[in-house]
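Here are a few exercises to work through with the viewer open. Try each one yourself before reading the solution.

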Amino acid sequence: MLTRLASVLLLTGLLATAAPAAHAQTPAAKKAAAAKKAAAAKTAAAKKAAAAKAAAKSTTTKTTTTTTPAPAPLPPLTQDQASAGVKEALNKGIVKAVQFASEPDGFNLNDDIHIPTPPDLDLVKSTIGRLPGMTNLFAQLETQLNRAAEAAAPKAKDIFLSALSNMSFTDALSLVTSSETDAATQFLRKSTQSQLITAFHPDIEKAIDQVGAGRAYSTITNTYNKIPLQQPVNLSLADYTTQKAVDGLFVLLANEEAKIRKNPAARTSDILKSVFGRK
């Protein structure tokens with residue numbers, strides 16, 4: 001009996017000692033569990049944010065690629081539209097080209113159309129060019145040839161416009177759709193070049209005498225022809241200058257046509273925008 005009582009007392013003492021230890025471990029366990037739960041929540045939040053960001057990016061990309069509508073195809077040009085467009089483009093180019101060529105130094109100071117002394121005078125220049133006064137005389141002759149072209153240029157306007165009025169609808173449609181930036185100018189050249197040369201020649205010949213080019217040329221050639229054993233020079237300044245003047249006008253016209261075909265800012269009317277704004 002005493003032995004059983006002692007055992008009971010011993011067991012009771014042991015349980016009393018163990019109870020505080022169990023109570024002491026509970027806060028630490030709770031703290032660890034809370035930390036683990038917080039880490040898990042943080043990881044879940046990060047995954048959720050990443051998923052939301054990916055979804056937003058996917059939506060943006062999808063919207064960007066699907067909200068750009070294809071441009072509606074333009075209706076084909078009619079012959080009336082093509083004719084009106086080409087004629088207005090050429091009319092605009094003709095007015096500008098003739099106006100520019102007719103101005104003082106319109107030929108003389110434009111590197112694209114400046115008229116040099118005739119190549120037939122190259123030998124003359126190399127032979128007598130160093131004689132006193134000859135350098136200035138050759139320079140004077142060159143300037144005067146350009147002055148003659150400037151004086152004759154206004155006559156081209158009516159010839160150009162007359163040819164323009166006779167352009168067919170079929171020709172106009174072909175010129176509009178051409179890939180050449182000077183297609184209309186080349187067409188006009190075939191139609192008017194011979195007329196321009198015929199019309200220009202008397203005016204150029206008259207202008208050559210008026211500006212003094214004829215006198216300068218006579219002085220140069222007379223000096224050269226006096227040299228023994230030299231082949232006499234016999235050149236028509238009027239023929240040469242007329243051809244160069246006509247060539248220069250077509251260069252200016254081609255430049256104006258190219259601007260309308262290439263530069264939207266040069267299309268100053270609705271018909272020009274409609275006809276040449278398709279490429």
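The exercises below deal with salt bridges, a helix pair and a couple of single residues in this predicted model.

**Exercise 1. Find what K155 pairs with, and say which parts of the chain the pair ties together.**

Solution. Start at the side chain of K155: it meets D203 in a salt bridge, with 3.3 Å from N to O. That fits the 4 Å cut-off for a salt bridge. Next, place the two residues. D203 belongs to helix 7 (residues 183-211), while K155 sits in the loop between helix 4 (134-152) and helix 5 (156-165), so the bridge ties together parts that are 48 residues apart in sequence. Last, check the accessibility. D203 comes out at 27%, partly exposed, and K155 is partly exposed too, at 38%.

**Exercise 2. Which residue forms a salt bridge with R189, and where does each partner lie?**

Solution. Look around R189 and you'll hit D247, with the closest N and O atoms 2.4 Å apart. R189 is part of helix 7 and D247 is part of helix 9 (residues 237-262), so this pair ties together parts that are 58 residues apart in sequence. As for exposure, R189 has a relative accessibility of 22% and counts as partly exposed. D247 is partly exposed as well, with a relative accessible area of 22%.

**Exercise 3. Work out whether K259 and E256 are buried, partly exposed or exposed, and how they are spaced in their helix.**

Solution. First the contact: K259 and E256 form a salt bridge whose closest N and O atoms are 3.3 Å apart. Then the spacing: both are in helix 9, three residues apart, which is about one turn of the helix. Now the accessibility. Buried means under 20%, so E256, at 14%, counts as buried. K259, at 43%, is partly exposed.

**Exercise 4. Which residues are linked with D105 in a network of salt bridges, and what is the sign of the phi of D105?**

Solution. Begin with the network: D105 is linked with R147 and E150. The count for the model comes to six salt bridges. Now the backbone. Most residues other than glycine have a negative phi. D105 goes the other way, with a positive phi near 70 degrees. Finally, locate the residue: D105 is in the loop between helix 2 (79-102) and helix 3 (122-128), and at 24% relative accessibility D105 counts as partly exposed.

**Exercise 5. Describe how helix 4 and helix 8 pack, and sort the residues of their contact by type.**

Solution. Two packed helices are described by the angle between their axes and the distance between the axes. For helix 4 and helix 8 (residues 213-225), the angle is about 140 degrees and the axes are 9 Å apart. Angles over 145 degrees would count as roughly antiparallel; helix 4 and helix 8 are therefore oblique to each other. Their crossing is left-handed. On the helix 4 side, M134, L137, F138, L141, Q144 and L145 make the contact, and they meet A213, A216, Y217, T219, I220 and T223 of helix 8. Sorted by type, the residues of this contact are nine nonpolar, three polar and no charged.

**Exercise 6. Is T221 buried or exposed, and how far is its C-alpha atom from that of L235?**

Solution. T221 is in helix 8. With a relative accessible area of 6%, T221 is buried. Now take the C-alpha atoms: T221 and L235 are 14 residues apart along the chain, and the separation is 9.3 Å.

Methods. Residues are numbered from 1 along each chain as its sequence is written. This is a predicted model: local features need pLDDT of at least 70, side-chain atom pairs count only at pLDDT 80 or more; totals for chains, interfaces and linings use all residues. Side-chain values use heavy atoms; hydrogens and water are left out. Helices (H or I, at least four residues) and strands (E, at least two) are DSSP runs, numbered from the N terminus. Buried means under 20% relative accessible area, exposed over 50%, partly exposed in between (1.4 Å probe, protein chains only). Axes are lines fitted to C-alpha atoms, for helices over the stretch in contact, and angles run from 0 to 180 degrees between N-to-C directions. Angles under 35 degrees count as roughly parallel, over 145 as roughly antiparallel, 65 to 115 as roughly perpendicular and the rest as oblique. A crossing is left-handed if the near helix is turned anticlockwise from the far one by less than a right angle, and right-handed if clockwise. Contact means heavy atoms within 4.5 Å. Ala, Val, Leu, Ile, Met, Phe, Trp, Tyr, Cys and Pro count as nonpolar, Asp, Glu, Lys and Arg as charged, and the others, Gly among them, as polar.
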